[in-house]
Amino acid sequence: MGEPVAYTSMTAAVQLKLCKGGPLGQLEAGPGSRPQDPPLEPGLARSGILDGTEGPKAKGGGPRSPEPTLPLPLVPRAAQTPDGSTVVSGRSNMPELVVTALLAPSRLTLKLLRAFMWSLVFSAALVVAAVYGSIALTHVLCRPRRGCCGRPRRIPPACLSDPALGEHCFLTLKSSGIRLHYVSAGRGNGPLMLFLHGFPENWFSWRYQLQEFQSRFHVVAVDMRGYGSSDAPKDVDCYTIDLLTADIQDVILGLGYSKCILVSHDWGALLAWNFSIYYPSLVDRMVVVSAAPMSVYQDYAMRHIGQLFRSNYVFLFQLPWLPEKLLSMSDFQILKTTLTHRKTGIPHLSPSELDAFLYDFSQPGGLTGPLNYYRNIFRNFPLEPQELATPTLLLWGKKDPYFDQGLVGAISSRFVPGRLEAHILPDMGHWIPQSHPKEMHEYMWAFLQDLLD
């Protein structure tokens, strides 16, 4: 009887190690790795249904998922001595030592891999910082009257309060207590259509879509955590992929819906991909513009070094405080150039519309929250490939300066057949929702037509 008991104990111990401390278990949860066993049904872990108690909350307001339930390891039988005392065999401790020894090389390899990765990231960050520092200094020298700091905007531009775009509201998220600002229109006109913006934008980047779709949908464009009028925690750890993904769940449920049509761009699209994987029951359809799932991006960038050069700013944003300083120099000239560049920016962007984005960034600490999104990217490395299944319309600009069009093929290879409708648009760049709204709307109406019949 002793040998079967020891074998079962060892098996259970291996299971426990793989779930809590195995090679993959050492990774922080992210869009490419299993995020701490997310709940099978939305809200279960948050409400404490799984264990009958209110679960602990993660730093920054996100819910911690419960530890996976494992069968208890069998314990060797206690033997009774003639004097009535109990003796337990020490053999049950051996499997723990064996498992620890077996897992040690994998753990060490992973630690060395991550240490090497971070050394490369910060080396690249210093190089890119030198380049952007030169650009920022040039702007200051060419426009000395603007000074070395950004000019705070005292009054928001009138276009931010345009009543035709919708009603301004606030929602307190259930799992974190964070207060998000959103603009809503068309309530009662149909299903929820939720818009997630990118960087350096806010809810206003969806102004054309809010007007176009409010006749048939309840359209909602949020200022994501750290942006605009939404709460902006200061701690970098408050902007992990898990917490940002949980925010989307809380918005959908907090608005009183059980599912939505999720429309997203840039950083919002990265989060939308992750959300569709772990909360598929909350997403009816997805419209994604100019972004790939993080695991796809990681794999593609490792194979195509040119993609790393296209998104070199990601390395700069890993550094503390310096990116905020460089982006704000000469009254935010780098951001202005990004949004208004003749070839790669948003055409016909008026000064008032430009200020609609710069207004919040110009407030004290206004850039830190958005940049903290980037500062959490590499903590999820390396990522596991995942199968994508949510019915999705993918729009990609052939002239996108930040993302290679080869990513579209890489995304398609991860999809369940028949679930992805992808279009590479020849004359468009990165800012499709603002630069070519009419074309985007045509694709969206066709993609959503069966929901409207």
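User: What do buried and exposed mean here, and which is Trp-321?

Analyst: Buried means under 20% relative accessible area, exposed over 50%, and partly exposed in between, with a 1.4 Å probe and protein chains only. Trp-321 has a relative accessible area of 61%, so Trp-321 is exposed. This is a predicted model, where local features need pLDDT of at least 70, side-chain atom pairs count only at pLDDT 80 or more, and totals for chains, interfaces and linings use all residues. Residues are numbered from 1 along each chain as its sequence is written, and side-chain values use heavy atoms, with hydrogens and water left out.

User: Where does Trp-321 lie?

Analyst: Helices (H or I, at least four residues) and strands (E, at least two) are DSSP runs, numbered from the N terminus. Trp-321 sits in the loop between helix 9 (313–316) and helix 10. Its phi is positive, about 50 degrees, although Trp-321 is not a glycine.

User: Which value does phi take at Phe-332?

Analyst: Phi of Phe-332 is near 65 degrees, and this residue is not a glycine either. Phe-332 belongs to helix 10. Its relative accessibility is 3%, so Phe-332 counts as buried.

User: How do I read the packing of helix 10 and helix 11?

Analyst: Fit an axis to C-alpha atoms, for helices over the stretch in contact; angles run from 0 to 180 degrees between N-to-C directions. Helix 10 (residues 322–340) and helix 11 (residues 351–361) pack at about 150 degrees, their axes 11 Å apart. Contact means heavy atoms within 4.5 Å. Helix 10 contributes Phe-332, Leu-335, Lys-336, Leu-339 and Thr-340, and helix 11 contributes Leu-354, Phe-357, Leu-358 and Phe-361.

User: Is Gln-307 buried or exposed?

Analyst: Gln-307 has 1% relative accessibility, so Gln-307 counts as buried. Its place is in helix 8 (residues 305–310). Neighbours within four places in sequence aside, its contacts include Tyr-297, Tyr-300 and Phe-403.

User: How is empty space found?

Analyst: Rolling a probe the size of a water molecule over the atoms shows where empty space is left. On a 1 Å grid over the protein atoms alone, a cavity is a set of points where a 1.4 Å probe fits but cannot get out; lining residues have an atom within 4 Å of a point. Grid points are joined across faces, edges and corners, and a volume is the space filled by probe spheres set on the points.

User: How many cavities are there?

Analyst: The whole structure has 4 cavities of 30 Å³ or more. The largest cavity holds about 90 Å³. Helix 5 gives the largest share of its lining, 4 residues.

Note on methods
1 Å grid on protein atoms, 1.4 Å probe; cavity = no way out; pocket = protein on both sides within 12 Å on 5 of 7 lines; lining within 4 Å.
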